[in-house]
Amino acid sequence: MANYIQRPKGTQDVVPSQSYKWHTVERIVAETAEQFGFREIRIPTFEETGLFVRSVGDTTDVVQKEMYTVSSTGDSTFTLRPEGTAGTIRAILENGILNEGFPQRAYYILSCFRHENVQKGRLREFHQFGCEMVGAADPAADADIIALVKSILDRVGLKNIRLDINSIGCPKCRGEYHKALKAFFEDRKDELCETCHERLERNPMRILDCKVEDCKKIAADAPVILDYLCDDCKSHFEGLQENLRVMGIDFVINPHTVRGLDYYTRTVFEFVTTDLGAQGVVCGGGRYDGLISSLGGPQTPALGFAMGLERLILTMEKQGCEFMEPKGCDIYFVSMGSNAQKKAMELTAKFREEGYYVQYDIVGRGLKPQMKYADKIGAKFVMVLGDSELETGKAKFKNMQTGEQTEVSLDDSILESFGEIYYTMLLDTDEDFRDFVDSFAEDDFELGN
Ligand code: HAM
């Protein structure tokens, strides 16, 4: 292995040849969120540690084992955000957004940090696209949030993805449930991990999402909260199911979906794929009606979700989904000699100003290597500029796909001449463009009638 400093374990580089995949999903998630009425929020990468302890919860794996916390001068400690909800709600409170009317909707695309055991689909730095909706208690809001995720998954072309829903009740119904869980786990306490011993005393529900294999096996037979829901939570959950049916969204009621963060109340949901092995949850979310008040704000219902972008892209790759290809090179100016290179620069500036994607030789290669390079970067057209072209004031655009050459004057008419050549090439090769042009023709015809 080369003697370079390596990237930290559990982090990833997105190299230039791959970033178009990220641009594809970032564009689709942002556009869909905006379509559903969300606007982007940007928040700091680190927050006061207490924010995560109070919101995510001090008996969760995230807070107990996975936070990257640094102490600063003075007494403060800061933590790299392990998720986006806490910071978003902090920002909504701090910026007085609750006074701007309900519901409020915010989306984010951000990096998160968790010190986890690294495996496929489980990283230490990963990226989430998430949405938070504040001030909506009705199950219509839960359905709308789920519909947004569904719409994104459809648009990126994912298949075979299951929606699990569950209700984990409210503090009112949890009392009885906690007693039942405690009694269940008490009997098998010796088989539980150390952390779960403490959870048994403080928050037995957290044992249900412990990642230790033995604890997982025991938890599989534990009582489920659906059997303990109060009437209000029950009718909210039925309302959600009804709404999902109305919207034509398939779901499975999974009483074992409990989510790994403490702030959830009532609805929880996960979109799960079987294509990623153990880390199949591409998106998770739910309602958190108690979080805003627990952070010092007024009692306000809220809900949201976050999608792991690495997991989304991995699944898309596995399923052969399409990504939007980056726009390549329209013209490559090959130049021979310094005068020709100056002409290439002048023309490049002119064509770039017009919006074309243009490159020319900047490393002093010979004719053949320049042609080879133009081919390698997929240039659609090449123009060779040498002494004779400069003398005659004429040069040829070569269509790299067909080999066809068209001579043009190197004067001010060149942009217009190239426009015609480019338009003809698009008509010949680009189906979308042809359809686009045809649609105008049809419109004209209709107008003419
Ligand atoms: P979460 O389930 O912890 O929920 O994370 C959401 C998504 O982030 C997961 O479904 C997964 O796709 C991705 N993810 C989580 N951990 C990792 C990791 N170590 N490596 C790669 N991807 C990962 C939350 O974070 C909540 N804040 C979601 C939410 C928003 N609930 C309401 N609003």
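The exercises below concern the ligand site and the domains of a predicted model.

Residues are numbered from 1 along each chain as its sequence is written, and side-chain values use heavy atoms, with hydrogens and water left out. Because the model is predicted, local features need pLDDT of at least 70 and side-chain atom pairs count only at pLDDT 80 or more, while totals for chains, interfaces and linings use all residues.

**Exercise 1.** Describe the residues around the ligand by proximity and by class.

*Solution.* Begin with the shell of 27 residues, among which Glu83, Thr85, Glu116, Glu132 and Tyr264 come nearest; a residue is near if one of its heavy atoms lies within 4 Å of the molecule. Then sort the shell by class, which gives twelve nonpolar, eight polar and seven charged residues, where Tyr counts as nonpolar and Gly as polar.

**Exercise 2.** Find polar contacts of the ligand (pairs of N or O atoms within 3.5 Å) and state how far the protein covers the ligand.

*Solution.* Start with the nitrogen atoms of the ligand: a polar side-chain atom of glutamate 83 lies 2.6 Å from one nitrogen atom, and for tyrosine 264 a distance of 2.6 Å to a ligand nitrogen atom is likewise found. Next, an N or O atom in the side chain of arginine 114 is 2.9 Å from a ligand oxygen atom. Finally, of the 650 Å² of accessible area that the ligand has on its own, the protein covers 96%, by the Shrake-Rupley method with a 1.4 Å probe.

**Exercise 3.** State how the chain is divided into domains.

*Solution.* Domain 1 comprises 19-170 + 230-318 and domain 2 comprises 331-442, with bounds from an automatic or database domain assignment; their centres, taken over C-alpha atoms, are 48 Å apart.

How values were computed
A polar contact is a pair of N or O atoms within 3.5 Å; within protein, one must be able to donate a hydrogen and the other to accept it, and residues adjacent in sequence count only if both atoms are side-chain atoms.
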